[in-house]
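Please open the structure in your viewer and keep the selection panel at hand. The tour below moves from surface patches to aromatic pairs and then to salt bridges.

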Amino acid sequence: MYFCQKYAQLKILTNFILFLFPLFLFAQEFVLSGTVSDQAGFEIPNVNIEVKDTPFGTVSNFEGKFEISLEKGNYTLVFQSLSFQTKELEIELNQNQVIQIQLQDSQEELDEVVVRTKIENTDVRSTQMSANSLTSETIKKVPVVLGEPDVIRSLIQLPGVSSAGEGASGFNVRGGGADQNLILVDDATIFNSSHLFGLFSIFNPDAIKDLTLFKGGIPAKYGGRVSSVLDIQQRSGNPKSFSGEGSIGVVSSKLLLEGPMKNNKTTFLVSGRSSYAHLFLQLADNPNSAYFYDVNAKVNHRFDKNNNLSISAYYGRDVISINDNFVNTFGTTFVSTRWSHTFNEQLYSNMSLIFNDYFYNLNLDSVGFEFDSGVRNINYKYAFNYLLNDQTKVDFGVETFLHEFNPGNIRPNDESSGILARQLTKNYANENALFVDVNQELTKHISIKYGLRLSAFLRQGQNRINVYENDLPVVYNPDFGIYEQADPVDVISASRSEILNTFINFEPRLAVSYAFNDNHSIKAGYNRMVQNLHLITNSSSPTPLDVWSPSGQFIDPQLLDQVAVGYFSNLSEDNFSIETEVFYRKIQNSIDFIDGANLIANENIERDILIGEGRAYGWEFMFKKNTGKLTGWIAYTLSRSEQRTPGRTPEEPGINNGEWYLNNFDKTHDLSVVASYELDDRWELNLNFIAQTGQPVNFPVGQYQFQDLTIPVFEGRNLNRLPTFHRLDLGVNHYPRKYKDRNWKAYWNFSIYNAYNRMNANSIIFRQDQQTGQNEAVRLAIFGIVPALSYNVKF
């Protein structure tokens with residue numbers, strides 16, 4: 001009886017297993033992976049890969065690789081990317097497969113018909129928000145001063161991004177300072193992104209592979225700044241044939257060469273740029289000059305399908321000379337090495353080692369001394385990407401920096417000058433981080449991304465450390481109602497092996513997306529960011545002379561908390577896109593300066609600063625036309641950015657009596673219009689219009705006389721504004737037919753910067769008219785109308 005019962009149970013279990021076996025077989029999943037490249041063999045990042053008639057899809061990473069898990073069956077894959085023709089591929093999936101996909105350039109002429117290019121459409125289903133990507137083609141279409149395509153000038157046409165004005169270096173994101181942007185080129189940190197004080201950026205668009213600006217929803221792998229992240233990846237060389245491109249302009253020229261080196265496994269790319277306007281000054285017997293030059297290089301070697309090594313390098317210098325008595329030289333050097341390794345279909349990694357050096361030199365022959373300053377760091381990063389399943393992806397890794405800050409080295413260049421050599425106290429720090437990001441598709445409509453970055457900043461010992469009474473390097477003088485520098489009561493020293501201060505911070509990240517369908521979604525995000533390095537400047541735009549300082553005893557890390565909510569939509573089969581967001585940002589431990597602060601060659605900067613807080617909030621809107629003869633976008637931002645520095649005690653007034661005031665980067669209204677229209681296969685018209693509220697400034701409210709001197713009287717901080725800034729830029733590209741059947745192609749670019757000659761105020765100064773004795777306000781402008789012409793060739 002017992003065995004009969006067991007036999008019956010076993011028979012039922014066997015029948016049950018046999019019944020479920022086909023279901024298990026049917027539900028078996030396989031991994032489909034591969035690489036997407038163009039016809040020249042370049043990997044294409046951010047390719048949208050859709051599994052047709054299913055809710056599944058993915059995006060290629062920055063190396064063009066993708067992975068997706070699917071059940072056994074027949075599928076149609078759709079590959080879509082900017083500036084490339086859409087490609088469909090039918091596959092039968094019955095085992096793990098690796099495929100290679102090659103996309104055709106959409107700008108190629110097919111049967112005398114030009115396939116119109118696209119601009120960056122909106123990724124509706126992704127959890128990523130507050131981010132914009134630009135291609136090299138888009139950057140080259142934006143007219144700029146002197147005709148040189150410029151990354152920074154293209155970025156400031158996006159919502160939430162602005163600049164301090166014409167001739168200003170860097171850019172501002174959501175009311176933050178230029179130093180609060182993390183700028184990466186092949187993982188190397190850039191401390192000064194401009195040439196010639198903002199006329200050009202250091203980035204050569206011809207060498208750029210991929211560019212993404214994160215204003216919010218910043219992935220956990222990024223850290224160290226509180227406003228934004230600009231991640232730029234440079235191209236690898238052409239693996240199939242030798243090629244190049246270049247241009248000759250009015251004030252600058254550039255050349256890029258690339259190709260294979262050995263067995264098509266090793267490629268190279270080298271590019272160089274230089275300006276030469278100073279040569280025209282020499283012909284006119286003008287002793288002054290200003291020019292820049294830079295060189296980019298990249299070598300890439302593929303050992304096998306699982307291992308790849310790339311080495312990137314950059315060297316750039318600006319030289320400004322006034323009558324040979326004043327020579328200013330500054331620039332950036334970096335070398336970035338990256339090893340990419342694929343462990344299996346689900347796990348791959350990138351290991352990077354970077355050396356970076358920002359150098360500043362000032363030679364004053366008239367005074368008889370030289371001054372050097374700069375920042376150096378060594379950065380190691382090991383990042384992993386793990387595809388847990390088709391619905392879950394995990395990014396994790398570790399990062400460490402060794403920083404060296406040189407506030408200044410003074411040395412005589414003439415023995416008779418009487419100046420003594422002096423090295424200002426160098427600062428040292430070690431910065432470390434662990435990070436993890438999980439991107440999960442919970443349902444067909446809901447996706448979530450959550451992550452954490454654990455950062456640890458260690459301030460190391462140095463030769464001189466000032467000690468102040470009550471630990472207050474700034475004291476308040478109630479008799480005069482002003483803040484003053486405190487005198488040190490002692491000076492001590494500590495070896496570099498000693499840790500003076502430790503700052504450990506948790507930086508959570510969270511983003512949620514709800515997709516109504518493939519074309520409409522709402523997203524929300526929160527992120528905390530920490531900034532341990534601070535640019536010591538009291539100007540609205542960074543200058544090469546500004547000094548970076550690490551967090552320490554008297555400067556705490558800046559802490560950002562940001563929330564954002566947005567609506568995203570693609571309309572009319574992706575022909576149009578709409579993005580709109582509202583955001584709120586709050587920053588703790590923001591730096592403010594006492595009145596009369598002296599920041600140049602100041603090794604005791606703690607005696608000139610006070611710690612406050614900042615906030616910014618606003619609404620961003622962007623409408624894009626992605627395809628057709630006419631492409632472009634309209635971007636508008638309504639925002640407010642403020643700062644407050646209250647007194648440290650009830651008796652102290654703080655800055656601006658402890659009340660909120662507009663910071664230097666506030667732009668209430670900011671409107672940009674970018675458009676490109678292709679008349680035919682020979683002519684392309686480009687337009688750029690910008691209008692924004694004037695920069696906050698202080699105007700004097702009165703004056704008084706002191707020993708035959710007229711002293712202006714100011715009240716409050718940033719109570720006035722410069723006049724409204726607006727400008728129209730026009731550009732024309734002409735592609736001659738005679739180059740159509742040749743191995744090389746060329747086109748002419750003609751542009752007009754500030755077409756209606758608007759004299760936008762860069763500043764307003766107040767002075768006394770020498771003839772009438774009356775006070776007058778004088779508007780100072782940098783650019784009027786500026787035409788430019790360049791000849792561009794590609795072979």
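A residue is called buried when its relative accessible area is under 20%, exposed when it is over 50%, and partly exposed in between. The model is a predicted one, and with these cut-offs in mind you can begin by selecting Phe355, which is found in strand 25 (residues 347–364) and counts as partly exposed because its relative accessible area is 35%.

Extend that selection to Met261, Val299, Ile311, Val335, Leu353, Ile378 and Leu402, which together with Phe355 make a nonpolar surface patch of about 680 Å². For a patch of another character, select Asp324, Asp365, Asp414 and Glu415, which form a negative surface patch; within this group, Asp414 sits in the loop between strand 27 (392–412) and strand 28 (422–423), and its relative accessible area of 38% makes it partly exposed.

Turn next to the aromatic rings, of which a search of the whole structure finds 21 pairs. Select Phe200 and Phe292, whose rings form a tilted pair with 5.0 Å from centre to centre and 45° between the planes. Since Phe200 belongs to strand 16 (residues 200–201) and Phe292 to strand 22 (residues 289–304), the pair ties together parts that are 92 residues apart in sequence, and both residues are buried. Another tilted pair is that of Tyr476 and Tyr483, at 5.1 Å centre to centre and 55° between the planes; here Tyr476 is partly exposed, with a relative accessible area of 23%, whereas Tyr483 is buried at 10%. Selecting Phe343, Tyr382, Phe384 and Phe396 then brings up one aromatic cluster.

The last stops are salt bridges, of which the structure holds 27. Select Asp187 and Arg338, whose side chains meet in a salt bridge at 3.0 Å, N to O; this pair links distant parts of the chain, with Asp187 in the loop between strand 13 (181–185) and strand 14 (188–189) and Arg338 in strand 24 (residues 326–342), 151 residues apart. Both Asp187 and Arg338 are buried.

Move on to Asp592 and Arg717, whose side chains meet in a salt bridge at 3.1 Å, N to O. Because Asp592 lies in strand 40 and Arg717 in the loop between strand 48 (709–713) and strand 49 (720–721), this pair ties together parts that are 125 residues apart in sequence. Asp592 is buried, with a relative accessible area of 4%, and Arg717 counts as buried at 17%. Finally, select Arg174, Lys215, Glu581 and Glu620, which are joined into one network by salt bridges that share partners.

Notes
Residues are numbered from 1 along each chain as its sequence is written. This is a predicted model: local features need pLDDT of at least 70, side-chain atom pairs count only at pLDDT 80 or more; totals for chains, interfaces and linings use all residues. Side-chain values use heavy atoms; hydrogens and water are left out. Patches are made of residues with over 30% relative accessible area and no salt bridge: like charges are joined within 9 Å, nonpolar side chains (Val, Leu, Ile, Met, Phe, Trp, Tyr) within 5 Å. Accessible areas come from the Shrake-Rupley method with a 1.4 Å probe; for residues, only the protein chains shown count as cover. A salt bridge is a side-chain nitrogen of Lys or Arg within 4 Å of a carboxyl oxygen of Asp or Glu. Lys and Arg count as positive and Asp and Glu as negative; His and the chain ends are not counted. The place of a charge is taken as NZ of Lys, CZ of Arg, CG of Asp or CD of Glu. Helices (H or I, at least four residues) and strands (E, at least two) are DSSP runs, numbered from the N terminus. Buried means under 20% relative accessible area, exposed over 50%, partly exposed in between (1.4 Å probe, protein chains only). Rings of Phe, Tyr and Trp (its six-membered ring) pair if their centres lie within 6.5 Å; planes under 30 degrees apart count as stacked, over 60 as edge-to-face and the rest as tilted.
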